[in-house]
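Subject: Structure handover

Hello,

Here is the structure I said I would pass on. My notes on it follow below the display.

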Amino acid sequence: MNANVIEILSAEELRRTVTRLASQIVERSNDLSELVLIGIYTRGVPFAQILASQIELLEQIQVPVGALDITFYRDDLDNIGMRTPAKTEMPFDLTGKEVMLVDDVIFKGRTIRAALDAIADYGRPSLIRLAVLVDRGHREVPIHPDFIGKTLPTAKEEQVKVFFNQIDDRDGVELIKVM
């Protein structure tokens, strides 16, 4: 099986996209002192950290970042197989907070649905919004991101790979077309 790899976002384009998303989040936030970012494992976590750093550069305010593992909240574990759970790190109560749920790619929407269930275990936020780097369509549940870095129409069998320097030693987004 051959694959064709197409660069969707270069490192520079990814940097500009993150800057734009951070600016949009700041503009739409009701109160930055109540904002928390929660990254969904795996690549949503470094993405949330990068967004928080950019918001700090823009506004000189540190936004707390949590990390959420949604493994046991999924409704499709029998289809995707059991994964080794990561450690959820939620060093704050979410009650009354403005939560920005962060993930790298949204596809069917099932990960986000599971994350919404998981968030309820950590308090009752005043507001939950969703920021994604890439929206590739094909929803199976009625979930739509509030902030989208790039909308990328894809075929179901294609893959979108996101690379962050913190874990991959490079930044970028690629589309993998199976041939």
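Please keep in mind throughout that this is a predicted model.

I begin with Lys 177, which is partly exposed because its relative accessible area is 31%, between the 20% and 50% limits. Lys 177 makes a salt bridge with Glu 158, and the closest N and O atoms of the two are 3.6 Å apart. This pair links distant parts of the chain: Lys 177 belongs to strand 8 (residues 172-178), while Glu 158 is in the loop between strand 6 (147-151) and strand 7 (159-163), 19 residues apart. Glu 158 has a relative accessibility of 12% and therefore counts as buried. The salt bridge thus has a partly exposed Lys 177 and a buried Glu 158.

A second salt bridge joins Arg 170 to Glu 174, with 3.1 Å between the closest N and O atoms. Arg 170 counts as partly exposed, at 37% relative accessibility. Glu 174 is buried, since its relative accessible area is 16% and the limit for buried is under 20%. Arg 170 has another partner as well: it lies over the face of Phe 163, at 3.6 Å from the ring centre.

The next salt bridge is within a helix. Glu 12 and Arg 15 are both in helix 1, 3 residues apart, which is about one turn of the helix. Their closest N and O atoms are 2.3 Å apart. Glu 12 is partly exposed, with a relative accessible area of 37%, and Arg 15 is also partly exposed, at 45%. Glu 12 and Arg 15 are linked with Arg 16 in a network of salt bridges. In total, the model has 11 salt bridges, and those described here are among them.

Just before helix 1 (11-28) comes Ser 10, in the loop that follows strand 1 (3-9). Is Ser 10 buried or exposed? Ser 10 is buried, because its relative accessible area is 18% and buried means under 20%. Apart from neighbours within four places in sequence, Ser 10 is in contact with Asp 171 and Gly 172.

Now to the aromatic residues. How many aromatic pairs are there? The count is 1. The pair is Phe 47 with Phe 164, and it is stacked, at 5.9 Å centre to centre with 15° between the planes. Phe 47 lies in helix 2 (residues 44-59) and Phe 164 in the loop between strand 7 and helix 5 (165-168), so the pair links distant parts of the chain, 117 residues apart. Both Phe 47 and Phe 164 are buried.

A charge also sits over a ring elsewhere: the charged end of Arg 136 is over the ring of Phe 107, 3.8 Å from its centre.

Lastly, there is one annotation from a record. In an unreviewed entry, UniProt lists residues 99-111 as "short sequence motif: PRPP-binding". In the model, the chain over residues 99-111 is 62% strand and 15% helix. The C-alpha atoms at the two ends of this stretch are 16 Å apart.

If you open the model, I suggest starting with the salt bridge between Lys 177 and Glu 158, then turning to the stacked pair of Phe 47 and Phe 164.

Regards

How values were computed
Residues numbered from 1 in each chain as written. Predicted model: local features only at pLDDT ≥ 70, side-chain atom pairs only at ≥ 80, totals over all residues. Heavy atoms only, no water. UniProt positions renumbered as here; feature names shortened; annotations may be inferred. Helix = DSSP H or I, 4+ residues; strand = E, 2+ residues; numbered from the N terminus. Buried < 20%, exposed > 50% of the residue type's maximum accessible area, 1.4 Å probe, protein only. Contact = heavy atoms within 4.5 Å. Salt bridge = Lys/Arg side-chain N within 4 Å of Asp/Glu carboxyl O. Phe/Tyr/Trp six-rings, centres within 6.5 Å; stacked < 30°, edge-to-face > 60°. Lys NZ or Arg CZ within 6 Å of the ring centre and 35° of its normal.
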